[in-house]
Amino acid sequence: MKKRLLLCAFLIASAIAFQVAQAAGEAPAVGTAAPVFTLTTNEGNQASLKDFKGKWVVLYFYPKDFTSGCTLEAHNFQADLPKYQAINAVILGVSVDTAESHKSFCAKEGLAFKLLSDVDGKVSDTYGSVMDYQGSKYSARNTFIIDPQGKVAKVFMKVKPAGHSEEVLAALASLQKP
């Protein structure tokens, strides 16, 4: 009985610590359940993390549509999209831009993966990926690989856009090794 009580107390304390860390805007740790979300896509539909259960998810946060670094990063993910699809992975980009901005960005840049609108920055904050720039809130350039069971498998903080897609593909190859 004592062991069960200790185990319950430990689990409750761990859950509270996790929630406090998430509330403080810290990135979720590798091995923990990825924070769930539902956001509007560039297509105007709702997308939830649970929609991608059973797939590897590359959840990348970026500051702003139509800027040079963000465009470079998106182009690299797009160029490698067939490689991601071949290994059962989806790419989801998140920024505080509107769904309409995402729609225009995808059309102009020929992007065939989903961009998610986090206008209030709550999801970005939950993933420790929000930043303030000259009084405005933006998504910080961080990437999370989420495994098919919904757990954080790899975290990339302060990403450099050039070469990042290749870095993510290499991490996925390593994570998927039997």
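Begin with the whole chain, which has six helices and nine strands; helices (H or I, at least four residues) and strands (E, at least two) are DSSP runs, numbered from the N terminus. This is a predicted model, in which local features need pLDDT of at least 70 and side-chain atom pairs count only at pLDDT 80 or more, while totals for chains, interfaces and linings use all residues. Residues are numbered from 1 along each chain as its sequence is written, and side-chain values use heavy atoms, with hydrogens and water left out.

With the whole chain still selected, note that 46% of its 178 residues count as buried, where buried means under 20% relative accessible area, exposed over 50%, and partly exposed in between (1.4 Å probe, protein chains only).

**The sheet**

Next, select the open sheet of seven strands, whose order is 2-1-5-4-3-8-9 and whose pairing is mixed; two strands pair if DSSP finds at least two bridges between them. Strand 2 (46-48) and strand 9 stand at the edges, each with a single partner strand, so one side of each is left without a neighbour in the sheet. On average, neighbouring strands of this sheet are turned by 30° against each other, direction ignored. Follow strand 8 (residues 143-146), which runs antiparallel to strand 9 and is joined to strand 9 by four bridges, and look for Ile145, which stands opposite Lys154 in strand 9.

**The helices on the sheet**

Now add helix 2, which packs on the sheet and touches strand 3, strand 4 and strand 8, its direction making about 165° with that of strand 3; contact here means heavy atoms within 4.5 Å, and axes are lines fitted to C-alpha atoms, for helices over the stretch in contact, with angles that run from 0 to 180 degrees between N-to-C directions. Helix 6 lies across strand 3, strand 4, strand 8 and strand 9, and runs at about 150° to strand 9.

With both helices shown, the axes of helix 2 and helix 6 come within 8 Å and cross at roughly 45°. That makes helix 2 oblique to helix 6, since angles under 35 degrees count as roughly parallel, over 145 as roughly antiparallel, 65 to 115 as roughly perpendicular and the rest as oblique. To see the contact, select Glu73, Asn76 and Phe77 of helix 2 together with His164, Ser165 and Val168 of helix 6.

**The cores**

Select Tyr84 and Phe113, the residues with the most contacts inside the largest nonpolar core, which has 24 residues; a nonpolar core is a set of buried Ala, Val, Leu, Ile, Met, Phe, Trp, Tyr and Cys residues joined through side-chain atoms within 4.5 Å. Helix 6 gives the most to this core, with four residues. Apart from this core lies another, of 18 residues, among them Phe52, Phe61, Val94 and Tyr127.

**Two single residues**

Go to His102 in helix 4, which is buried, with a relative accessible area of 0%. Among the residues that His102 touches are Asn42, Tyr62, Asp65 and Asp97.

Then move to Met157, in the loop between strand 9 and helix 6, which is partly exposed, with a relative accessible area of 41%. Its contacts include Ala27, Gly128 and Phe144, and the C-alpha atoms of Met157 and Phe144 are separated by 8.6 Å.

**A last stop at the hairpin**

Finally, select strand 6 (residues 130-133) and strand 7 (residues 136-139), which run antiparallel and are joined by four bridges. Tyr133 has Ser136 as its bridge partner in strand 7, and in this hairpin, with two residues between the strands, Gln134 takes a positive phi near 50°.

Note on methods. Lists of a residue's contacts leave out its neighbours within four places in sequence.
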